[in-house]
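Q: I have a structure open and would like to go through some strands and salt bridges with you. Could we start with the side chains of one strand?

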Amino acid sequence: MINATTKQYSVSLTNWFAEAVPYREAGLEGIAKKLLRKFSGYGLRPLEIFQRAGDRLFDYDLTFSLFNRNSTFRLTAEGSHAAFQNALGDKDAGVITDCLLGFLDSLSERRTRESNLEAFVHASLGSAEERDRFLRTLGATDRKISVAGLVLYSPADETFQEARFLVDRSLALPDGVFLNWAARFSEPLTQEVLTKAVSSFKRLSDEIGLEFVSPQAS
Amino acid sequence: MNAKTGTLVDRSGLGGEPSGVLASREVCPRTTPFVAASQQPRFFDFAQPVSTRPRREFFSNNNNRIQVAGSPLNEFEGFSHELRSLYVSGRLGLSSKMCQRLVELLALQRGWDGGMAMPFKPEEAAHTVSLLIMLNSTLPRFNEPFLAPTIAGFAQLEWHNKQRTLEFEGTSDAWSIVGSETKMRGERVYHQADVSRSDIEELVAAYRWFDGAELLWPII
C-alpha cells in the first residue's frame with residue numbers, strides 16, 4: 001500500500017427531474033427565498049441570486065455562487081447542478097455536505113429521476129518518483145510504453161449504478177495523482193448516500209493500492 | 001489560462017468571455033494551484049455568463065499571483081477558511097462582537113475543553129448566522145444571544161431575562177429548544193421542543209415567547 005494525502009478536491013452533483021418544469025410552474029421566487037434563508041449564513045445576499053427568464057418556457061435558470069465562486073449552483077427546467085472546487089480537509093467536506101443537502105431541500109417539491117455524483121481528488125504520494133513507480137504498477141510492466149493511468153468500473157450496488165474510477169497523473173501536483181470517481185443513483189441524496197460514496201471511493205483506492213492518510217500521519 | 005505561464009488566454013478567438021469548460025477555471029480567480037479543465041468539475045455546463053463576472057481586462061498576473069485591478073488576490077484556502085473571512089468582514093449585519101465570537105469558535109481545535117470535544121463545525125456557524133439573520137429581519141425587537149460551542153461541535157444560543165430563559169442547541173438536523181420561566185409563586189417551569197431548522201414560524205414563536213409577546217409556550 002502507498003500512502004496518499006489529499007491536497008485538494010472538488011465535488012459536483014447533477015440532478016435530473018422526473019419531468020421538466022415550465023417557467024410558469026417553476027416557483028422561482030419561492031425557491032429563491034428559501035435559498036436565501038438557507039444560505040445567508042454562508043454569505044448569500046439577495047442580489048447574488050440570478051434569474052434568467054429565457055424564453056419563459058423551458059429555457060430559464062436560477063443561479064448563485066458561494067465562497068468566491070468556488071461553489072456554484074444552478075437550477076434549470078430539467079434539473080439542478082451544484083459544484084464545489086478547491087476544497088481542503090474534513091471541515092470543507094462538512095460544508096459541502098450541508099450545502100448540497102440544503103440546496104436539494106430547497107427543491108424538494110421536484111421529483112428527481114436520477115442524479116450523478118462526482119468527486120475529483122488531487123492526492124500527493126510524497127515524491128514524483130514514488131508517484132511514477134505507483135502508476136507503473138497499474139499495468140503490465142513488460143510493455144515498452146509504460147502505463148500512467150487507469151480506469152476501473154465498479155459493479156452496481158444497492159445505491160449506485162456502475163461507478164467509474166479514473167487514476168491519472170495530477171496536473172496540479174508534481175508528486176500527485178488525480179482521481180475521479182463518478183456514479184449515478186436514483187434515490188434522493190442523503191447524508192447516508194454521501195457516506196456510501198466516500199466508502200466506494202476508498203474501496204476503489206484500496207483496490208489499486210492507495211491508502212489515504214491524514215496529513216499528520218504521512 | 002496557460003498552464004505553464006499562468007497567463008489568461010482567450011481561446012475563443014473573439015476577444016470576449018471564455019466559454020465552455022474552460023470558463024470553469026476562469027470564474028474563480030482565487031483558485032490555486034492551477035488545474036486543467038479536464039481535472040475540474042464542470043461548472044454550469046451550459047456556461048451562461050453571470051452578470052457580475054469580473055471583466056477580462058481587470059485581470060493580470062504578476063509572478064503567478066493573480067491580480068485584480070492591481071491588487072493581489074489572497075489564495076483560496078478552503079471553504080471553512082473562507083467562512084471565517086466572511087465573518088471577519090462583518091458584512092452580515094450582525095454585531096462585531098457576534099462576528100468576533102464566531103471567528104473564535106471556528107478556530108477551536110479538537111479537545112478545546114481539555115477533553116475530547118469536537119471542533120466547532122463551520123456549517124453550524126452558518127446555521128447559527130442564518131438563524132440570527134432570519135430572527136433579526138423578522139422580529140421588530142431582537143437581541144443577539146450568548147453563543148457557546150457544545151462538545152459535539154454544535155452551537156448553543158442563550159437568551160436570559162428576569163423571567164425567562166431560552167436556549168437553542170444545534171443537532172445534526174434541527175434546533176433543540178429549551179425555554180424556562182419563573183412563575184408567580186417562584187417555581188421554575190421548563191419547556192422543550194425539537195424544531196426543524198427550516199421551520200421559521202416555530203423558531204420565531206419561541207423567541208417571541210421569550211420576549212414576552214406570547215404568554216404560553218407556543219410550540220406543541
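A: Certainly. This is a predicted model. In β4(A), the side chains of S71(A), F73(A) and L75(A) point one way and those of T72(A), R74(A) and T76(A) the other way, and all are buried.

Q: Why do the side chains alternate like that?

A: In a regular strand, side chains alternate between the two faces of the sheet.

Q: And how many residues of strand β4 of chain A are buried?

A: Six of the six, residues 71-76, so the strand is largely enclosed by the rest of the structure.

Q: In which sense do β3(A) and β4(A) pair, and over how many bridges?

A: Strand β3 of chain A, residues 61-66, pairs with β4(A) in the antiparallel sense over six bridges. Within that pairing, D61(A) stands opposite T76(A). The two strands form a hairpin with four residues between them, and F67(A) in the turn has a positive phi of about 55 degrees.

Q: What about β4(A) and β5(A)?

A: Strand β5 of chain A, residues 79-87, pairs with β4(A) in the antiparallel sense over five bridges. T72(A) has A83(A) as its bridge partner in β5(A). These strands also form a hairpin, with two residues between them.

Q: Changing topic: how many salt bridges are there over all chains?

A: The count comes to 17. R52(A), D59(A), D61(A) and R74(A) are linked in a network of salt bridges.

Q: Which residue forms a salt bridge with E130(A)?

A: R133(A) does, with the closest N and O atoms 2.5 Å apart. Both residues lie in helix α3 of chain A, three residues apart, which is about one turn of the helix. E130(A) is partly exposed at a relative accessible area of 23%, and R133(A) is partly exposed at 45%.

Q: What ties E158(A) and K196(A) together?

A: Their side chains meet in a salt bridge, at 3.7 Å from N to O. E158(A) lies in the loop between β7 and β8 of chain A and K196(A) in helix α4 of chain A, so the pair ties together parts that are 38 residues apart in sequence. E158(A) is exposed, at 64% relative accessibility, whereas K196(A) is partly exposed at 28%.

Q: Moving to chain B, are R197(B) and E124(B) buried or exposed?

A: Both are buried. Their side chains meet in a salt bridge of 3.2 Å, N to O. R197(B) lies in the loop between β8 and α5 of chain B and E124(B) in helix α4 of chain B, so this pair ties together parts that are 73 residues apart in sequence.

How values were computed:
Residues are numbered from 1 along each chain as its sequence is written. Chains are lettered from A and ligands numbered from 1 in the order in which they are written. This is a predicted model: local features need pLDDT of at least 70, side-chain atom pairs count only at pLDDT 80 or more; totals for chains, interfaces and linings use all residues. Side-chain values use heavy atoms; hydrogens and water are left out. Buried means under 20% relative accessible area, exposed over 50%, partly exposed in between (1.4 Å probe, protein chains only). Two strands pair if DSSP finds at least two bridges between them. A salt bridge is a side-chain nitrogen of Lys or Arg within 4 Å of a carboxyl oxygen of Asp or Glu.
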